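Biologist: Please take a close look at one part of this model, and then place that part beside whatever else can be described.

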Amino acid sequence: MVSQAYLTCEIAWPIVTVTPLPLEPADTPQPETEGTAMQRVGALVRDARRHRGLTQAQLAERLGTSQSAVARIEQGGQNLTLDLLDRLSQALDSELITLGPAGPTHLRVTGGTPLQGSVTVKSSKNAAVALLCAALLNRGRTTLRNVARIVEVERILDVLRSIGVSAVWNTAGHDLTLVVPDSLDLAGIDADAARRTRSIIMFLGPLLHRADSFRLPYAGGCDLGTRTVEPHMIALRRFGLEVEAHAGEYRASVSPPTTADRTIVLTERGDTVTENALLAAARTDGTTTIRNASSNYMVQDLVLYLQLLGVDIEGLGTTTLVVRGRPVLDADVDYTISEDPVEAMSLLTAGIVTRSELTVCRAPIEFLEIELAVLTEMGLRYSLSPEYRAANGHTRLADITLEPSDLRAPIDKVHPMPFPGLNIDHLPFFAVIAAAATGSTLIHDWVYDNRAIHLSDLTRLGADVRLLDPHRVLVTGPTRWRAAEVVCPPALRPAVCLLLGMLAAKGTSVLRNVDIIARGYEHLYERLVEMGATIEVFRD
Ligand SMILES: CC(=O)N[C@H]1[C@@H](OP(=O)(O)OP(=O)(O)OC[C@H]2O[C@@H](n3ccc(=O)[nH]c3=O)[C@H](O)[C@@H]2O)O[C@H](CO)[C@@H](O)[C@@H]1O
Ligand SMILES: C=C(OP(=O)(O)O)C(=O)O
């Protein structure tokens, strides 16, 4: 029987660690643990396939092979190459087999050398999670293209699958097809996956159309201090949703909205609260006007998707959205998620602090304009390609080529504002850039209670970062970066900032417990290595 401990199979190569599958109910057949190594791996493939509810023929289709080949694999009669194991893991949406021992991942970074060449920005985490939640509205088939393969996406997928949604990656692994069943198994929700992401809060908007009462685990996420969910509750009350928070879960009850039309003034111009209001409005009869709406990139992606579904929405890119809802949304739609501004900002920062000549391709320029204006004032030299559109036909993209530049501190403080201001998720990167600039930069994070604190870890790499209070840091440069061993803070962007500081520091640094980075970045280390960075991934 499979235990929650890791199983180790000795087969043709050094050590293969098999990730445990969730425990099966007592009456389901348990995997073989005896027999040859190939039979044991075959049994694991079979159990993972059954766990995903796939037939051998369906798995074969995902692998691009025959049903008899799958049968052979499961019986242990097929020699498995690493490539085939990788494809099996992708087809089964579970990292079935990984090389090397399990445990937290660390990086050994040898820095101090410029990067070179070009790198292409991937699609955004924040749009992906919103669109995955939005797919719950659709009776038809939703295909999301260019989805980033990141842990945050996998967490939402685990939750969706646990309530009965079918979510299948194509063989290349970046397009995802979702089909929502007529009835959802809300009692079977994967509470563990749900609690690890804040985005679960965006289930409220779609689910109020699906059940009169339901429960959701509390939303989690990075440790950035308290993040209120009250604006979500205030907005969704207008659609008849009442939520009581009790014993680690939200208990929701739904009654029909009392008016045909409604105007909702959001108390905060938050991204996910705007998305939740849109998700609720999309299938609510009548007209919903959302004022003080976020017009940020993930909201724009969501509006474009909902428009494809047939929802009439005015005001894309503005702070007033007018939604004429349709109680039934039933369309087979394909939507390509747009490029991630935060990834682009991370890659630009990598180039800036390593004084590199580097091109960041497919940067969503509209969501980087203030950032580039501030960087220009700081002395950054760069050139832009002519603009072009993302695959969604809307988002403006450009390739940004950096030149090695001597930076100076900006005269004014750097602070975020809702879009079209400087993105709060870009603020941590300004701390690393300010450390490379001459002079003192005041960085004011009024948004998060706890994120600026994590930036003081940059002092370990030689930066002069003074925490004036929990919201303000004073960074004085230029820094003589030095290599160091640092443990990742429990926050995604500050963790990446440490990695970027290490790329700037001569010598070999160690960044410990980097698993949090996989929550929002796909193949970040491999891509940096392709640009000339020296990064080795290791485990204890
Ligand atoms: C999945 C997703 O899309 N996550 C993004 C989203 O999270 P999300 O929409 O969840 O952001 P929050 O609701 O946590 O807002 C961030 C913080 O800002 C405060 N606040 C926000 C807006 C406002 O007008 N006034 C105000 O005070 C909130 O109280 C909170 O403390 O938006 C954040 C702010 O852009 C980004 O950092 C997150 O990456
Ligand atoms: C704060 C972030 O995201 P989330 O809302 O998923 O915690 C982020 O992307 O930096």
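Biologist: Is helix H14 (residues 427-436) mostly covered or mostly uncovered, and how many of its residues are buried?

Modeller: The model is a predicted one. In it, helix H14 is mostly covered, with 10 of its 10 residues buried. The buried stretch begins with Leu 427, Pro 428, Phe 429 and Phe 430. Ala 431, Val 432, Ile 433, Ala 434, Ala 435 and Ala 436 are buried in H14 as well. Against these buried residues pack three helices, H12 (341-353), H15 (451-455) and H16 (492-504). Strands E21 (439-444), E22 (464-469) and E23 (472-477) also pack against the buried residues of H14.

Turning to a sheet, 4 strands form an open one in the order E7-E8-E6-E16, with mixed pairing. Strand E7 (166-169) and strand E16 (333-336) are its edges, each pairing on one side only. On average, neighbouring strands of this sheet are turned by 20° against each other, direction ignored. Strand E6 (residues 141-145) runs parallel to E16 and is joined to it by 4 bridges. Thr 142 has Val 333 in E16 as its bridge partner.

The last site is ligand 1, which has 17 residues around it. Asn 126, Arg 227, Glu 268, Asp 271 and Thr 272 come nearest. Helix H5 (125-134) and helix H10 (271-282) are the elements that give two or more residues to this shell. By class, the shell holds 6 nonpolar, 5 polar and 6 charged residues. Domain 2 (105-122 + 339-539) and domain 3 (125-336) each supply at least three residues to the shell around ligand 1.

Key:
Residues numbered from 1 in each chain as written. Chains lettered and ligands numbered in written order. Predicted model: local features only at pLDDT ≥ 70, side-chain atom pairs only at ≥ 80, totals over all residues. Near = placed C-beta within 6 Å. Nonpolar A, V, L, I, M, F, W, Y, C, P; charged D, E, K, R; others polar. Domains from an automatic or database assignment. Pairing = 2+ DSSP bridges. Axes fitted to C-alpha atoms, helices over the stretch in contact; angles between N-to-C directions. Buried ≥ 20, exposed ≤ 12 C-beta atoms within 10 Å, placed from the backbone. Contact = placed C-beta atoms within 7 Å.
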